[in-house]
Amino acid sequence: MKTLAPHSQRKAPVQRLLQPFDITLRHGKRYQWIRRVFLGFSVLLTVGLPMWHLHALDVEGAGLAADSRWAVLSRWLPATPPPFLGAPTSVWVGFFELVDPLEALATALFRGASWNLVWTVLPGVALVVLLGRFFCGWACPYLPVLAASNAARWLLSRLGIPTADVKLPRVTSRVVLVGVLLVGSVLGVQLVPIVYPPAVIGREAFRAVFYGSLGAGGLLVVAAFLFDTFVSRAGFCRSLCPGGAMFATLGTLSPIKVHNERSKCTDCTVCDVICNLGQSPMQNKLDSGCERCGKCIASCPTKALSWKLVVPGREQK
């Protein structure tokens, strides 16, 4: 007859770690909807703009456009050429061009600065200085890939399969940024479009629509997805993306912060878990890496978190 071990000697069941997909966004739904619409527009621009150009060429009788697998899907778009070009790191709107700050800096180091380049980058720089690293949480086309990675980690955890979450040093992304810019300027090679996810995804979307296949950039996106899923949650955005490092540096003086009212906080860790970029709203420990996604505020069960306007140099100790 089999004897059961004493209760004190039995192994406690392994507790599954809380995952972002386990958390419900309770508040600030309007803010989240605005953010999602903005992100949706960014993704639509990345994929839809090549399709619009494809249809315009198809109407003009270009053989390449007619042979594309996307030609039929693009026929619901207007036949006239779109009023803007590029996406998502460089967009020409009417008579004015908007350029990503990282792309502009790489171009300046590659071929020298010019006043035309300065004017095109000023709006983006002003927004990042004011709002911080908001582009990463509001407009980066890699966000759907990151969401898929978080979903995969959640599914693996439900199946009882553990996933690693290696925390690389915060300085890593800045080392990558300096290395990409320095090596590129020394060798005379534009490395930013090769390793910067928005530029890679925009280029691969164009290639997929016009040629029906992906290039080597698709391998980078797959590698980033696998890294985020099995090695470090959101590790590419947090520790390896040169654009994220650039925005975090420019947004150091942003006056818009997440504030935790400690009298309402229950230390439930929900806000820390849902943050993709390793911030700690629960302890009021947030740096320029915050992407202003607002999910920590929306998920707090006691409404302890809120946006706060802080004058630089007057933060509470």
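Me: A helix here is a DSSP run of H or I with at least four residues, and helices are numbered from the N terminus. The model is predicted. Which helices each supply at least two residues of the lining of the largest cavity?

Reply: They are α5, α6 (143-158), α9 (197-211), α11 (235-240) and α12 (242-250). The largest share, 3 residues, comes from α12.

Me: What makes this space a cavity, and which residues are the closest to the centre of the largest cavity?

Reply: A space is called a cavity because a 1.4 Å probe fits there but cannot get out. The search of the whole structure finds 4 cavities of 30 Å³ or more, and the largest cavity holds about 130 Å³ of space. Of its 17 lining residues, C136, C140, Y142, C237 and C241 are the closest to its centre. By class, that lining has 13 nonpolar, 2 polar and 2 charged residues.

Me: What is the volume of the second largest cavity, and which residues lie nearest its centre?

Reply: Its volume is about 100 Å³. It is lined by 16 residues, and those nearest the centre are C275, C290, E291, C293 and C296. The lining divides into 10 nonpolar, 3 polar and 3 charged residues. Among the residues nearest the centre, E291 counts as charged, because Glu belongs to that class, while Cys counts as nonpolar.

Me: What makes the space of about 650 Å³ a pocket?

Reply: A pocket is an open set of points with protein on both sides within 12 Å along at least five of seven lines. About 650 Å³ of space lies in the largest pocket. F38, P88, V91, L98 and F135 are the closest to its centre among 25 lining residues. At least two lining residues come from each of α1 (29-60), β2 (90-93), β3 (96-99), α4 (115-131) and α5 (134-138). The lining comprises 18 nonpolar, 6 polar and 1 charged residues.

Me: Why are α3 and α7 called roughly parallel?

Reply: Helix α3 (residues 101-111) and helix α7 (residues 172-187) pack at about 30°, with axes 9 Å apart. Angles under 35 degrees count as roughly parallel, so this pair receives that description. The crossing of α3 and α7 is right-handed. L102, L105, A106 and L109 in α3 meet L177, L181 and S185 in α7. This contact has 6 nonpolar, 1 polar and no charged residues. S185 is the polar one, because Leu and Ala count as nonpolar and Ser does not.

Me: Why are α7 and α12 called roughly perpendicular?

Reply: Their axes come within 8 Å and cross at roughly 105°. The range for roughly perpendicular is 65 to 115 degrees, and the pair therefore belongs there. S173, R174, V176 and L177 in α7 meet P242, A245, M246, A248 and T249 in α12. By class, the contact has 6 nonpolar, 2 polar and 1 charged residues. R174 is the charged one, because Arg counts as charged.

Me: What makes α9 oblique to α10?

Reply: The axes of α9 and helix α10 (residues 216-230) come within 9 Å and cross at roughly 130°. That angle is over 115 but not over 145, so α9 is oblique to α10. The crossing of α9 and α10 is left-handed. V200, I201 and E204 in α9 meet A216, G217, G218, L220 and V221 in α10. The contact divides into 5 nonpolar, 2 polar and 1 charged residues. G217 and G218 are the polar ones, because Gly is counted in that class.

Notes:
Residues are numbered from 1 along each chain as its sequence is written. This is a predicted model: local features need pLDDT of at least 70, side-chain atom pairs count only at pLDDT 80 or more; totals for chains, interfaces and linings use all residues. Side-chain values use heavy atoms; hydrogens and water are left out. Axes are lines fitted to C-alpha atoms, for helices over the stretch in contact, and angles run from 0 to 180 degrees between N-to-C directions. A crossing is left-handed if the near helix is turned anticlockwise from the far one by less than a right angle, and right-handed if clockwise. Contact means heavy atoms within 4.5 Å. On a 1 Å grid over the protein atoms alone, a cavity is a set of points where a 1.4 Å probe fits but cannot get out, and a pocket is an open set with protein on both sides within 12 Å along at least five of seven lines; lining residues have an atom within 4 Å of a point. Grid points are joined across faces, edges and corners, and a volume is the space filled by probe spheres set on the points.
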